[in-house]
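Work through the exercises below with the structure in view, and try each task before reading its solution.

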Amino acid sequence: MLILAGVSRAYGEQQVLGPLDLDVSVGECVALLGRNGSGKSTLLRLAAGREEPSTGRVAFDGLPMSEDDPRIRSRVAVVGDPPACYPDLTVRQHLELVAVGHRVPEPQARIDLALQTHRLTGRAAALPAELSSGQLQEMLLAAALLRPMDLLLLDEPEQRLDPAARERLAARLAERRAAGTTLLLATHHRALARAVADRVLVLDRGVVTAEGPPGHVLPEEADGDPA
Ligand SMILES: Nc1ncnc2c1ncn2[C@@H]1O[C@H](COP(=O)(O)OP(=O)(O)OP(=O)(O)O)[C@@H](O)[C@H]1O
């Protein structure tokens, strides 16, 4: 579904990622963990086709990955930084925009359910600037999860969420995975990785230092936190 082959990224003289290979199968959920600055977001931007790798290639279902390709845009959802929102549209209007753009069936019922799931029913008429940072993150997640997709890319989706919201997020992502969506996420939250990932990759200074099932790479009783 998603292939990164010999991918590396340098900014000027600084090599921040790879070269590395990553092959994410259809329906698989891969979690990237690692300290601040280890290259997780860079890898996700390359995987989303938002940036070109310095070397190597990224392919989605056999197509060269590019966020400008409409064949890819319709199948790949991204929740990343910076947050993508319109300052003059309300929460409900953001969801309506996504529903129209992606031809979501029964849009109003689905939007109402999304608002409820993400605890935004009472904030449906609010503008992004009127939301708390956690509510804004919930809106971005609600918008991404509302639409049909084959691949979901998430950069630290747990950020700014309280523990209960993080648990709901884990449940929503597990549902998505069970429905066959392929997932690649960067996270600092080991419990989220354990709850949803089939495979964990730990990055350190742009290099994969550990890889395997979460139970092996992230044992619950471990003292040290690779993230
Ligand atoms: N546009 C850029 N120009 C120069 N250096 C960059 C740029 N983007 C990222 N970097 C550098 O690349 C390295 C990897 O950054 P990246 O954001 O991928 O890390 P991360 O693992 O996502 O970190 P965090 O957990 O803090 O989000 C860092 O040293 C960062 O300073």
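**Exercise 1: the ligand shell**

Task: Sort the residues of the shell around the ligand by class, and find which element gives the largest share of them.

Solution: In this predicted model, the shell around the ligand has 2 nonpolar, 7 polar and 1 charged residues. To place these classes on the chain, list the surrounding residues, which are Y11, V16, G34, N36, G37, S38, G39, K40, S41 and T42. Glycine counts as polar, and with that convention the sorting can be checked by eye. Helix α1, spanning residues 40-47, then supplies the largest share of the shell, with 3 residues.

**Exercise 2: the overall form**

Task: Decide why the radius of gyration of the protein chain agrees with that of a compact globule.

Solution: Begin with the length, because a compact globule of 227 residues would have a radius of gyration near 17 Å, and the protein chain has 17 Å, in agreement. Next, note that the C-alpha atoms fill a box of roughly 45 × 40 × 35 Å along the principal axes. Finally, buried residues make up 40% of the 227 residues, and the chain has 8 helices and 10 strands.

**Exercise 3: the nonpolar core**

Task: Find which residues touch the most other members of the largest nonpolar core, and where the core draws its residues from.

Solution: The core holds 62 residues, and those touching the most other members are A31, A47, L95, A142, L153, L184 and V200. Its largest share, 9 residues, comes from helix α5 (residues 133-146), while at least three residues come from each of domain 1 (1-75 + 152-217) and domain 2 (84-148). As a last step, follow A31, which, leaving out residues up to four places away in sequence, touches L185, T187, A193, A197 and V200.

Technical notes: Residues numbered from 1 in each chain as written. Predicted model: local features only at pLDDT ≥ 70, side-chain atom pairs only at ≥ 80, totals over all residues. Helix = DSSP H or I, 4+ residues; strand = E, 2+ residues; numbered from the N terminus. Rg over C-alpha atoms; globule rule 2.2 N^0.38 Å. Buried ≥ 20, exposed ≤ 12 C-beta atoms within 10 Å, placed from the backbone. Near = placed C-beta within 6 Å. Core = buried A, V, L, I, M, F, W, Y, C linked by C-beta atoms within 7 Å. Domains from an automatic or database assignment. Contact = placed C-beta atoms within 7 Å.
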